[in-house]
Every structure is written in structure tokens, then in C-alpha cells.
Amino acid sequence: MSADLDRRGIRDEMDQARQTFHRLLDHATDADLRRRSEGTKWTNEQLLFHMLFGYLITRALLMIARIFGRLPDSAGKAFARLLDAARRPFHLINYL
């Protein structure tokens, strides 16, 4: 029962994030999107894109986690090492 509650809570939180994202886009003017965001070097449009991209990555990673959860531990550890090795190039590409 606890796992069902956690899943429901996660699903509700992701749905709320989706609704907030759409509300932000629906009400943003072109000038709002071109303006620099507070606390980052990005424009608001770039920040919203990264929010969407993060959501999409999270969905993909959940699916990958389910797959690796069924494989031997060694497969999961190898995948974790691969992700860790890709961290620095990912941060550089993300920054640029």
C-alpha cells in the first residue's frame, strides 16, 4: 500500500508540474521569454526549455530504472558508472 501511495504522490506532483509549466507558457509574452531569468545566465525561454527537458529525462530514467531493476546488479552498476563518466561532458554541454 505504501508503494501505491508514493506512486500516486509522484504522479500528482508531476501532473502539477506539467500544469504549472503550461500555465507559464500560456501567460508568457515574447518579451517575458526573452528576458534573463533571475539567478541564471539563461533567458526565461531557455529556463523553461531546461525544465521541460528535465521532465522528459526523468520520465525516460524511470523507465530505464524499471528495466535495470530486473537485470542483475552488475548491469545496474555498469550503467551507473557510465552515467557518472558522462557527468562532466553533460554539464559542459548543458552550460553551453
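Helices, at least four residues long, and strands are DSSP runs numbered from the N terminus. The views below come from a predicted model.

**Figure 1. Overall view of the chain, an all-helical pattern of the form α-α-α-α-α.** The secondary structure comes to 5 helices and 0 strands. The C-alpha trace spans about 50 × 35 × 15 Å along its principal axes. The radius of gyration of the chain is 17 Å, where a compact globule of 96 residues would have one near 12 Å. Of the 96 residues, 6% are buried. Contacts between residues at least 6 apart in sequence include 34% that join residues at least 24 apart. The chain has an accessible surface of about 8400 Å², and carbon and sulfur atoms account for 60% of this area. The chain carries 16 positive and 12 negative charges, and the mean positions of the two sets lie 7 Å apart.

**Figure 2. Close-up of Ser37 in the loop between helix H2 and helix H3.** Helix H2 covers residues 30-34 and helix H3 covers residues 44-69, with Ser37 in the loop between them. Ser37 has a relative accessible area of 8% and is therefore buried, the cut-off being under 20%. The side chain of Ser37 makes a polar contact with the side chain of Thr40, at 2.2 Å. Leaving aside residues up to four places away in sequence, Ser37 touches Trp42, Thr43, Asn44 and Leu47.

**Figure 3. Close-up of Thr43, a further residue of the loop between H2 and H3.** Thr43 counts as buried because its relative accessibility is 16%, and the limit for a buried residue is under 20%. With residues up to four places away in sequence not counted, the contacts of Thr43 are Leu33, Arg34, Arg35, Arg36 and Ser37. Two of these partners, Arg35 and Ser37, are also shown in their own views, where Thr43 appears among the contacts of Arg35 and among those of Ser37.

**Figure 4. Close-up of Arg35 in the loop between H2 and H3.** Arg35 has a relative accessibility of 45% and so counts as partly exposed. The side chain of Arg35 makes a polar contact with the side chain of Asp32, at 2.5 Å. Outside the residues up to four places away in sequence, Arg35 touches Thr43 and Asn44. Phe21 is 14 residues from Arg35 in sequence, and the C-alpha atoms of the two are 17 Å apart in space.

**Figure 5. Close-up of Leu48 in helix H3.** Leu48 counts as buried because its relative accessibility is 10%. With residues up to four places away in sequence set aside, Leu48 touches Phe21, Leu24, Leu25 and Leu33. Phe21, in contact with Leu48 here, is the residue whose C-alpha atom lies 17 Å from that of Arg35 in Figure 4. Leu33 is a contact of Leu48 and also of Thr43 in Figure 3. Leu48 and Arg70 are 22 residues apart in sequence, with a C-alpha to C-alpha distance of 34 Å.

**Figure 6. Close-up of Leu82 in helix H4.** Helix H4 is made up of residues 73-85. The relative accessibility of Leu82 is 53%, so this residue counts as exposed, for which the cut-off is over 50%. Glu45 lies 37 residues from Leu82 in sequence, and their C-alpha atoms are 31 Å apart in space.

**Figure 7. Close-up of Arg18 in helix H1.** Helix H1 takes in residues 2-27. Arg18 counts as partly exposed because its relative accessibility is 38%. The C-alpha atoms of Arg18 and Ala80 are separated by 28 Å, with these positions 62 residues apart along the chain counted as their separation.

How values were computed:
Residues numbered from 1 in each chain as written. Predicted model: local features only at pLDDT ≥ 70, side-chain atom pairs only at ≥ 80, totals over all residues. Heavy atoms only, no water. Helix = DSSP H or I, 4+ residues; strand = E, 2+ residues; numbered from the N terminus. Rg over C-alpha atoms; globule rule 2.2 N^0.38 Å. Buried < 20%, exposed > 50% of the residue type's maximum accessible area, 1.4 Å probe, protein only. Contact = heavy atoms within 4.5 Å. Areas by Shrake-Rupley, 256 points an atom, 1.4 Å probe, with all protein chains shown as cover. Lys, Arg positive; Asp, Glu negative; His and termini not counted. Charge placed at Lys NZ, Arg CZ, Asp CG, Glu CD. Polar contact = N/O pair within 3.5 Å; in protein donor to acceptor, adjacent residues only side chain to side chain.
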